[in-house]
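The report below goes through selected features of the structure shown here, moving from single residues to a helix pair and then to confidence.

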Amino acid sequence: MAWRARTTAALLAVFAAGAPAYAVRTNVTRELQRLIANGQYEEALFFLRSTLDMTLALHAAWSGAPYDPQMDGVYPQFPRIYGPGQHFGVEVRVDRRYWGIIHNQRKAIAEVLDKAKLTEEQLDRLDRRVRVYVEHHMAPEFDEMGDFFFQRKAWLFERTGLFWDASFRRRLTGYYAERVCAPYYATMAAELAAKGQKAEADAYRRKAEWYRSEAPGKFRRSNGDRLLSLLQHGKTRDRLSREQVADLLKAGLKAAEADARFAAVLCLADLGEIELARSVANDADPEIRQAVASLQPSAPPTGLKPGLTVEFTPKTAQPGRTLWKVLRCVNVGFKGNERFPEALVPFWDKEEAVPPSADGPFLLAIRGKLQVPHDGSYRFYLKTPPGARATLRVGGAKVVSPDDDKNLLYAEQRDWGGALFYRIDFSEPVALKRGLADIGIDCQADNVRGRFGRASLQLFWSSDHHVMEIVPASALFHQPE
Amino acid sequence: MMPSHALLVCSAAFRRYLAGGVLACALAGVSAAESMEAHLAALRGPDALAEWKARHALAALGDAAVPALKSLAADPGPLPPRWLAIELLGQIATPAARDALVGLLAAEKKDLAVRNQLCIVLGVLRERKAVPALSEWLARLGPGALNDVHGPKELQPSTVFVRHLEALEQIGDPSAISAVEKFLDGVKKGAGPGGFITNFVLNAAETALASLKEREAFWAAIRKHPGLEARLAPLFDHLSVDPVARFRFHESDVLRRGEQGRALLRRLGSCDKPAIAAAAKALLEKYDGLAR
């Protein structure tokens with residue numbers, strides 16, 4: 001009985017690998033089969049190619065990449081880490097399943113390409129989509145894919161006092177920036193230059209430079225985290241409260257080793273303890289002085305208050321009722337992470353913008369000012385819930401519109417029923433001047449609750465000066481009433 | 001939120017620091033053996049930043065660092081610095097460094113983890129001189145053939161075989177075909193050692209064999225057009241070093257002579273490097289006429 005075997009296998013897989021991972025795999029496979037059966041080869045290739053590009057980008061990172069000597073339970077699907085005792089060095093093993101993925105992807109791509117007979121225009125469009133997709137996921141800040149959130153993971157470990165663990169992740173982000181991201185962008189720059197797209201090639205070259213220059217800072221922070229972990233008197237596996245972490249970092253500011261002070265300053269900045277970090281503004285180490293000097297001012301621009309305003313209008317539950325809140329960041333409906341409840345404060349308001357009682361269709365109008373840190377070209381990404389129609393305006397111009405799928409980055413099907421879980425649309429690059437720009441999001445959707453909890457809306461950006469990240473709270477302001 | 005702007009500012013300082021450090025090392029010729037020792041010690045140490053600086057300094061030294069790196073790679077100490085040394089030799093990639101890597105591969109018969117790393121680096125370098133040593137390992141398939149090897153418990157012999165096959169595939173030398181065929185026959189007959197994952201290895205061997213045969217057929221067809229083979233060398237060098245092309249298997253597309261290959265060649269025809277553009281155009285001219 002094939003169905004019984006499949007069901008048993010599915011159940012075993014759920015217990016072995018965790019339901020979400022299994023659900024993603026199942027639906028990607030299903031989705032691929034559906035697309036191929038419908039003759040939507042470009043879409044199918046997008047799935048396959050983007051996975052392959054990322055897998056191989058990871059391979060570049062892993063092949064010979066020094067990393068975590070301890071067994072690491074966080075990334076069971078890809079690299080497994082082993083090593084002799086407390087030796088702080090290199091050894092990475094790539095899980096054999098990973099090679100299976102590559103072989104299968106190669107075969108599947110060859111098969112689909114044979115059937116597809118794509119035109120050159122279709123191939124170019126596919127290239128562009130895959131490029132933006134990989135660019136999006138390669139950003140170490142981005143946390144959607146489990147294997148790509150090294151930086152985020154490091155940050156969470158720092159926020160909870162696990163500096164020993166954070167140190168490994170910081171080291172990995174250094175390798176990732178240096179070995180994967182910088183070469184990738186440099187190659188793309190060369191490819192674009194060869195096609196005559198000079199401006200885009202320059203932007204990619206700058207990004208490659210940025211990644212290359214980021215690496216030493218990440219290694220230094222890794223070393224600093226390691227030294228901070230020594231301040232815990234051997235209790236490196238104890239999770240600390242926010243206050244305890246702040247106390248440890250205060251001690252770190254007085255450490256003899258400059259790397260420990262450097263890491264402490266940056267961790268305190270992440271904690272929002274800007275004033276405390278500024279207490280070492282006259283440190284002997286020039287990089288620490290620069291890090292302190294570049295911290296965002298805690299006071300908002302004159303006449304403005306932090307956060308955006310959000311007007312949430314449930315259409316059926318309580319018609320006509322409008323709720324006004326101030327959002328620190330464009331992240332609506334997030335429930336919080338019980339394991340790291342306080343680690344998410346800079347991204348999310350503690351107050352829920354959408355009341356728990358709200359249900360049914362709603363309209364959402366988010367307004368405010370975006371503080372643009374540099375003159376340059378910015379790309380915005382809007383992640384929206386299923387069935388939502390969202391428009392993003394920046395500087396008065398509509399940059400993401402619900403009316404076309406031209407710039408659909410990714411539509412994730414993570415639901416057993418095959419329903420859309422979320423989609424991400426990206427904007428064309430927007431030229432912005434340093435200073436304040438108006439920002440507005442209008443969104444209407446059928447239900448605030450998705451099948452897997454709250455529907456969510458997230459805004460990301462990337463630019464010539466920084467990689468893809470959630471637009472930080474420190475860049476969002478509004479005019480008080 | 002990660003203070004990316006803070007790091008951006010800091011990183012400028014680091015760039016200067018790195019440039020200064022590497023330049024100073026280069027200007028001084030790093031005459032003192034202590035400098036080399038300090039770099040090697042940093043590779044063994046816990047400080048990530050020091051290791052990063054040492055990696056860059058050693059890579060900048062080029063051939064001068066090769067003997068020290070070779071002996072570190074062959075040193076039967078902890079694996080992490082040995083892996084780094086192998087990787088750095090691959091990064092230096094001069095003839096001396098390549099020879100050092102081939103020598104290490106020929107000499108290392110027991111340590112799976114080191115061989116694994118050597119295969120990765122030599123595959124990326126497409127070092128033809130490594131083919132005999134790589135093929136030789138594929139013959140170690142019989143019962144007890146791997147009794148004397150050792151490695152971390154997580155590293156299966158099958159993984160190491162796959163690394164060898166991947167490296168041979170990347171190098172693309174047809175002289176490896178017979179070794180891969182024999183290996184494939186052996187695996188099909190169940191000659192794998194303990195802990196051997198047959199399907200996994202079979203898949204890799206079949207892929208490698210198909211790829212090697214594809215190349216052989218392609219170049220045999222090319223040789224029928226006098227003078228074309230030499231003209232195509234820059235094109236395939238370009239495809240082999242371009243990581244994005246590698247990611248997307250453009251080279252395989254060209255070898256297979258399908259619509260994708262034609263599209264790629266048309267694109268490469270407008271490449272800003274004249275040798276590559278000319279080679280792409282020359283191949284495109286003959287493309288449809290090449291026998292499969």
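## An exposed helix residue

B:Glu37 counts as exposed because 11 C-beta neighbours lie inside 10 Å, and the cut-off for that class is 12 or fewer. The model discussed here is predicted. B:Glu37 belongs to helix α2 of chain B, which spans residues 33–44, and its C-alpha atom is separated by 8.8 Å from that of B:Ala68, a residue 31 positions away along the chain.

## Chain B as a whole

The secondary structure of chain B consists of 16 helices and zero strands. Of the 292 residues in this chain, 45% are buried. Among the contacts in chain B with a sequence separation of 6 or more, 66% join residues that are 24 or more positions apart.

## The pair α5 and α6

Two packed helices are described by the angle between their axes and the distance between the axes. For helix α5 (residues 79–92) and helix α6 (residues 95–107) of chain B, the axes come within 8 Å and cross at roughly 145°, and the crossing is left-handed. On the α5(B) side the contact involves B:Ile86, B:Leu89, B:Gly90 and B:Ile92, which meet B:Ala97, B:Ala100 and B:Leu101 of α6(B). By residue class, this contact of α5(B) with α6(B) comprises six nonpolar residues, one polar residue and no charged residue.

## Positive phi outside glycine

The loop between α5 and α6 of chain B contains B:Ala93, which has a positive phi of about 55° although it is not a glycine. B:Arg126, in the loop between α7 (112–125) and α8 (131–138) of chain B, likewise is not a glycine and has a positive phi of about 55°. Their C-beta neighbour counts, on which the exposure class rests, are set out below.

| Residue | C-beta neighbours within 10 Å | Class |
|---|---|---|
| B:Ala93 | 17 | partly exposed |
| B:Arg126 | 16 | partly exposed |

B:Ala93 is not classed as buried, because its 17 neighbours fall short of the 20 or more that this class requires.

## Confidence in chain A

How high is the mean pLDDT of chain A? The mean is 67, and 56% of the residues of chain A reach 70 or more. Over residues 61–97 of chain A the pLDDT stays under 50, and the model has 86 contacts beyond four places in sequence for this stretch. Residues 139–148 of chain A also have pLDDT below 50, with 28 contacts in the model beyond near neighbours in sequence.

Note on methods
Residues are numbered from 1 along each chain as its sequence is written. Chains are lettered from A and ligands numbered from 1 in the order in which they are written. This is a predicted model: local features need pLDDT of at least 70, side-chain atom pairs count only at pLDDT 80 or more; totals for chains, interfaces and linings use all residues. Helices (H or I, at least four residues) and strands (E, at least two) are DSSP runs, numbered from the N terminus. Axes are lines fitted to C-alpha atoms, for helices over the stretch in contact, and angles run from 0 to 180 degrees between N-to-C directions. A crossing is left-handed if the near helix is turned anticlockwise from the far one by less than a right angle, and right-handed if clockwise. Two residues are in contact if their C-beta atoms, placed from the backbone, lie within 7 Å. Ala, Val, Leu, Ile, Met, Phe, Trp, Tyr, Cys and Pro count as nonpolar, Asp, Glu, Lys and Arg as charged, and the others, Gly among them, as polar. pLDDT is the predictor's confidence in each residue, from 0 to 100.
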